[in-house]
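Please look through the structure shown here, beginning with how its copies are arranged and moving on to the details inside one of them.

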Amino acid sequence: MAKKLLEYLEKLKGLDLGAMYNEDFLLTWEKTDDELAGVFTVADALRRLRELNISARIFDSGLGVSLFRDNSTRTRFSFASACNFLGLAVQDLDEGKSQIAHGETVRETANMISFMADVIGIRDDMYIGKGNTYMREVSKAVRQGRQDGVLEQVPVLVNLQCDIDHPTQCLADMLHMLNQAGGAENLKGKKIAMTWAYSPSYGKPLSVPQGVIGLMSRFGLEVVLAHPEGYEVMPEVEEIARKQARDSGGSFRKTNSMAEAFAEADFVYPKSWAPFAAMEKRTDLYAAGDGEGIKALEKELLAENARHQDWCCTEELMKTTREGRALYLHCLPADINGISCREGEVEASVFDRYRTPLYKQASYKPYIIAAMIFLAKCKDPQKTLAVLAERDSQRWLRP
Amino acid sequence: MAKKLLEYLEKLKGLDLGAMYNEDFLLTWEKTDDELAGVFTVADALRRLRELNISARIFDSGLGVSLFRDNSTRTRFSFASACNFLGLAVQDLDEGKSQIAHGETVRETANMISFMADVIGIRDDMYIGKGNTYMREVSKAVRQGRQDGVLEQVPVLVNLQCDIDHPTQCLADMLHMLNQAGGAENLKGKKIAMTWAYSPSYGKPLSVPQGVIGLMSRFGLEVVLAHPEGYEVMPEVEEIARKQARDSGGSFRKTNSMAEAFAEADFVYPKSWAPFAAMEKRTDLYAAGDGEGIKALEKELLAENARHQDWCCTEELMKTTREGRALYLHCLPADINGISCREGEVEASVFDRYRTPLYKQASYKPYIIAAMIFLAKCKDPQKTLAVLAERDSQRWLRP
Amino acid sequence: MAKKLLEYLEKLKGLDLGAMYNEDFLLTWEKTDDELAGVFTVADALRRLRELNISARIFDSGLGVSLFRDNSTRTRFSFASACNFLGLAVQDLDEGKSQIAHGETVRETANMISFMADVIGIRDDMYIGKGNTYMREVSKAVRQGRQDGVLEQVPVLVNLQCDIDHPTQCLADMLHMLNQAGGAENLKGKKIAMTWAYSPSYGKPLSVPQGVIGLMSRFGLEVVLAHPEGYEVMPEVEEIARKQARDSGGSFRKTNSMAEAFAEADFVYPKSWAPFAAMEKRTDLYAAGDGEGIKALEKELLAENARHQDWCCTEELMKTTREGRALYLHCLPADINGISCREGEVEASVFDRYRTPLYKQASYKPYIIAAMIFLAKCKDPQKTLAVLAERDSQRWLRP
């Protein structure tokens with residue numbers, strides 16, 4: 001067996017992953033440190049298998065249902081890649097972004113699409129208080145269906161972005177940082193600036209900044225959340241970040257100064273988002289069917305955004321980071337000055353310098369998703385990986 | 001080999017299924033009793049294989065084409081599940097619901113999509129006289145293509161709902177009834193009420209009531225078709241039901257009273273549909289491109305519908321069934337009072353009490369479709385099942 | 001091993017195909033004669049494998065990305081069939097036909113969809129100077145991504161139709177001609193008329209006539225390109241055709257007379273296309289966002305088209321071909337007089353007489369695409385084919 005794979009198997013040995021079997025992955029802070037380490041390790045191991053041209057098919061047939069309630073190309077392809085790599089066929093369910101389904105309908109639809117579904121990936125990030133709730137409704141429905149003998153297996157859920165968290169993105173970001181730093185030990189005491197940045201577009205989801213502070217506060221990092229006044233994220237997630245930072249020997253603090261956040265930072269993550277309170281208001285307007293109100297709110301928010309065009313990741317700001325060489329992070333696509341918009345989140349020269357690490361960062365996502373599925377569908381993930389390695393079946397026939 | 005599987009193989013031994021090989025499945029009444037028993041038995045056997053985590057892949061590659069001329073989530077997922085379970089990849093062809101294709105176009109398109117297609121599933125239920133006809137045109141075209149050396153194999157057709165019948169639905173309903181009753185013998189003499197019910201929506205297809213009376217009249221049941229005056233189904237199908245009922249030792253009759261149909265019924269299937277004559281008229285208006293006429297007809301039909309809001313499956317009516325405990329059936333989604341509409345087909349408390357059996361009923365559909373494909377693609381289905389059981393290849397790797 | 005397969009392996013032995021490994025297939029005239037012979041031979045061999053019910057899966061998992069920037073059913077199905085036959089799952093990326101992406105966006109998207117992509121099939125034929133350029137941008141981006149360690153493999157590109165060439169179509173046409181004639185030797189000196197024909201629709205791509213003259217001029221044929229004045233194709237492609245004809249011992253000439261082109265022709269390919277100069281103008285108008293200008297141009301072109309309704313493949317014209325029996329070719333769908341339009345490219349009786357060979361012609365396309373993928377993904381295609389034949393794994397389980 002490839003030496004590199006043995007190393008991953010060794011790592012897995014020490015981790016308590018039993019509770020992941022048959023469970024959903026909805027919020028990173030619902031998972032233990034061991035479980036997150038399990039995701040990272042299995043993601044790396046699956047990537048290694050692929051490099052070695054070894055098949056990782058743990059399914060001979062089965063469906064991965066992708067349920068997107070918002071447009072998406074990247075996440076869709078990441079989910080499709082992960083499913084395919086493990087042997088599942090993807091079946092899309094597009095409900096349209098405007099439809100907020102209710103109780104009984106969710107229960108019924110969830111069962112009707114799950115007769116042969118092993119995994120359901122859901123993206124639903126448009127309305128505060130809805131996305132994650134919806135996922136839990138789906139999960140409850142299919143578990144009930146399994147118990148009632150309706151389903152022959154219970155499909156596990158993967159949160160592909162909700163109103164609260166974006167676990168597949170943030171774990172990919174984190175794995176990128178871990179591999180760049182050479183392990184978790186080297187991250188302790190390092191500073192990460194999760195900062196708001198200006199974008200001419202409207203209503204970008206809060207799930208990335210929330211996911212980042214909700215995850216990265218667990219690694220002994222100095223986490224700084226920066227944004228203009230009024231662009232607060234969900235207070236519950238801040239609370240979680242605060243507690244986790246304390247427990248991990250790191251810190252979490254907020255500032256309204258981008259400069260302060262960038263100063264001596266090792267990692268910077270400048271990205272636009274909409275104010276939490278405004279998103280809550282939009283959700284209420286939506287529920288009330290108040291189209292005029294939504295338009296007015298949008299106009300107001302764009303005007304407010306425009307007051308903060310100075311929140312941009314410039315070369316000048318980058319120079320103030322640790323040795324002027326902080327690792328620039330982004331979930332992509334970024335709003336790049338003079339490229340995708342006139343004024344945006346980042347100067348073109350900064351973005352361009354980090355293009356390769358950014359793409360590398362994104363490249364972890366399919367493996368993170370595959371690892372989540374793997375851990376939810378394999379009772380003994382270490383043994384299953386070993387079996388795959390010994391089976392040594394070629395992914396791509398090369399006689 | 002699992003004992004339970006042997007039982008199915010025994011059952012198959014006595015059945016004459018030879019004529020199903022390479023044949024389409026378009027109308028249940030074109031199939032012999034043996035052939036229907038074959039579908040039920042193979043559906044149960046495939047479900048058993050899945051429970052036992054045994055792969056049912058009879059295809060290593062190949063396409064299942066899904067050709068939907070009407071929106072559908074449930075049937076689409078059932079077809080996709082069935083194809084995937086047998087090893088076929090699904091390729092969708094969406095022609096849009098408004099396009100009624102003609103002769104030469106059908107012939108050409110049918111061949112162009114079939115170079116590597118093993119199965120074509122078609123749903124085309126919108127226009128009277130069109131859907132089933134279209135399926136037969138497609139079938140003729142691909143058989144000609146095979147004969148001419150254009151195609152390397154002939155794709156078999158599965159009717160996923162047409163203007164006349166809905167065989168995958170009705171056979172799933174029937175298998176549910178058979179398994180609930182503990183076998184065909186226990187159904188003899190039982191009463192089933194296929195009745196119209198009020199819905200605020202317009203133009204629901206006739207294929208379910210027609211499919212139900214065209215199938216269930218073969219099992220020695222007392223079949224009662226109930227609807228308000230003017231909501232007649234196709235007379236040809238009534239004729240078939242009448243004849244089959246006579247042959248099977250059961251009965252078929254019609255009534256305009258929902259109460260009469262429900263009285264002492266063992267099974268009730270209350271469901272809205274549009275009057276056959278009105279649907280014929282709509283088809284003519286459509287062919288003439290008379291948009292105004294269609295709108296006027298729709299208004300007229302909705303007004304007519306509204307006169308029959310008392311056709312609802314109430315608790316009161318349910319009490320009049322056999323011991324007040326008839327099995328409530330529906331193809332889903334149902335129009336539920338106070339849930340999906342104000343007044344609809346069924347009271348919420350009735351629906352809720354039967355939720356689990358309803359979902360179970362629906363869960364047979366992917367297996368019924370898989371069985372249809374299996375029987376059309378396996379020259380010796382019994383032997384193929386035995387080979388699958390002996391191969392004992394895991395669907396989901398569990399070391 | 002089947003005797004017929006050995007024959008193909010023998011043929012491959014003499015061909016130099018080494019440079020096809022890991023390479024794109026964008027224009028036929030970028031490929032050597034050996035490489036085209038390789039595509040034909042592998043296409044025939046894969047078809048033979050399928051006839052023999054032998055699996056051609058060289059992938060256990062992996063994605064074939066289909067990136068269509070224009071509507072398509074036939075090409076989509078051909079690509080999906082080819083991918084599936086080799087073991088790849090298809091993942092669609094629909095960018096919409098109106099979006100002309102630019103540099104950085106292309107680079108990023110290309111990488112984001114390619115983490116587990118083995119092949120990318122692109123159709124982008126709408127704007128002169130754009131489609132092929134776009135393909136090269138995508139190719140460059142993913143090769144850079146591979147080099148930067150972003151991608152674990154480099155996806156190869158297959159041109160499914162661009163503004164310049166339509167290689168999968170034209171190679172399918174050619175293989176049809178080769179198999180009808182019984183080999184390349186029998187084509188030498190034969191005459192093919194690639195002629196414009198009237199269509200009531202507007203702006204059909206130039207890729208077919210260009211692809212035909214750019215390919216068929218390599219086989220010692222007498223190639224005649226006929227069209228009304230003003231319907232010129234790209235001069236660069238004419239130049240290539242001229243040079244290749246000279247080198248192959250054939251000829252290439254142009255005429256403005258359909259009758260002259262048809263006279264004593266062995267093959268006729270009458271098909272509508274838009275004038276190159278007008279398509280360039282449309283591209284400029286599009287780039288300038290001049291919607292009114294586009295409408296005006298369209299009107300002008302339809303009026304110009306209407307002046308050439310006499311350019312139709314009639315029975316009368318067919319009689320003037322070699323013994324009145326030239327092989328009629330078309331990429332389908334054709335505009336057939338009295339069937340798909342009032343006046344069009346071909347008389348119904350002509351089309352009808354050639355229906356079976358036309359369908360057969362189309363049936364080569366999935367195998368041509370599969371051969372392109374096979375040759376790009378197999379370092380030693382001959383050995384891989386031999387391994388597949390020896391493995392003799394059933395595509396469709398037939399115990």
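Through which surfaces, different or the same, do chain A and chain C meet? Only 4% of the interface residues of chain A are also interface residues in chain C, so the copies meet through different surfaces. This is a predicted model, in which local features need pLDDT of at least 70 and side-chain atom pairs count only at pLDDT 80 or more, while totals for chains, interfaces and linings use all residues. Residues are numbered from 1 along each chain as its sequence is written, and chains are lettered from A and ligands numbered from 1 in the order in which they are written.

The arrangement of the copies can be followed by superposition, which is done by least squares on the C-alpha atoms of residues with pLDDT of at least 70 in both copies. A turn of 120° with a shift of 0.0 Å along the axis lays chain A on chain C with an RMSD of 0.0 Å. In chain A, the C-alpha nearest the axis belongs to A:Ala89, 4.5 Å from it. Chain C, in turn, can be laid on chain B by a turn of 120° and a shift of 0.0 Å along the axis, again with an RMSD of 0.0 Å. These two copies are thus related as by a three-fold rotation axis, and in chain C the C-alpha nearest that axis is the one of C:Ala89, at 4.5 Å.

Turning to the contact between chain C and chain B, where two residues are in contact if their C-beta atoms, placed from the backbone, lie within 7 Å, we find 28 residues from chain C and 24 residues from chain B. On the side of chain C that touches chain B, α2 (33–51), α3 (74–86) and α14 (355–363) of chain C each supply at least two residues; helices here are DSSP runs of H or I with at least four residues, and strands are runs of E with at least two, numbered from the N terminus. The most comes from α3(C), with six residues.

Within chain B, an open sheet of five strands has the order β7-β6-β5-β8-β9, with parallel pairing, two strands being paired if DSSP finds at least two bridges between them. Here β7 (251–255) and β9 (327–328) of chain B stand at the edges with a single partner strand each, so one side of each is left without a neighbour in the sheet. Strand β5 (residues 191–196) of chain B is joined by five bridges to the parallel strand β8 (residues 267–271) of chain B, and the bridge partner of B:Ile192 in β8(B) is B:Phe267.
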